[in-house]
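This briefing introduces a structure to a reader who has not met it before. Please consult the sequence and the three-dimensional view shown here.

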Amino acid sequence: SHTEQRCPVEATLSVVGGKWKAVIFGSLLGGTKRFHELQQALTQPTRKVLTEQLRELESDGLVVRTVYPQVPPKVEYSLSEYGKSFIPVLKTMGNWGFVHMERSRKAQPDV
């Protein structure tokens with residue numbers, strides 16, 4: 001990965017630690033997407049940020065980038081087999097996050 005990890009949990013968090021990585025990963029759960037489809041699904045990140053996050057996911061082996069030699073070039077992104085092994089981890093994190101958000105919401109006084 002990008003930096004040397006000191007513990008397995010840190011290594012796991014570094015994979016989805018980018019601001020948009022979990023959202024990108026979630027978009028790819030539905031299948032292969034082209035860059036513009038990811039951009040439309042996410043709306044917020046700039047083209048540059050989306051490209052950087054995709055490259056990091058690709059370098060970590062979770063995402064496969066396929067370029068089709070045509071004009072204009074067609075580029076598709078999909079989860080690798082290794083990336084698919086991360087799905088249960090992400091689902092567990094999402095379930096915990098949902099509980100945490102509900103707990104935090106209930107702790108807030110009504111405004």
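Which residue in β3 is the bridge partner of Arg34? The partner is Glu76. The model is predicted, so that local features need pLDDT of at least 70 and side-chain atom pairs pLDDT 80 or more, while totals for chains, interfaces and linings use all residues. Residues are numbered from 1 along each chain as its sequence is written, and side-chain values use heavy atoms, without hydrogens and water.

**Sheet**
- Three strands form an open sheet in the order β1-β3-β2, with antiparallel pairing; pairing requires at least two DSSP bridges between two strands.
- β1 (33-34) and β2 (63-68) are the edge strands, each pairing on one side only.
- β1 is joined to β3 (residues 74-79) by two bridges.
- Strands are DSSP runs of E with at least two residues, and helices are runs of H or I with at least four, numbered from the N terminus.

**Helix α3**
- Phe35, Leu38 and Leu42 are the buried residues (under 20% relative accessible area, 1.4 Å probe, protein chains only) of α3, residues 35-42.
- These buried residues fall within an arc of 65 degrees seen down the axis, so they line one face of α3; the arc is taken from the directions from the helix axis to the C-beta atoms.
- Gln40 and Ala41, on the other side of α3, are exposed, meaning over 50% relative accessible area.
- The buried residues of α3 pack against α2 (21-28), β1, α4 (47-59) and β3, where contact means heavy atoms within 4.5 Å.
- Thr43, which follows α3, has a positive phi near 60 degrees.
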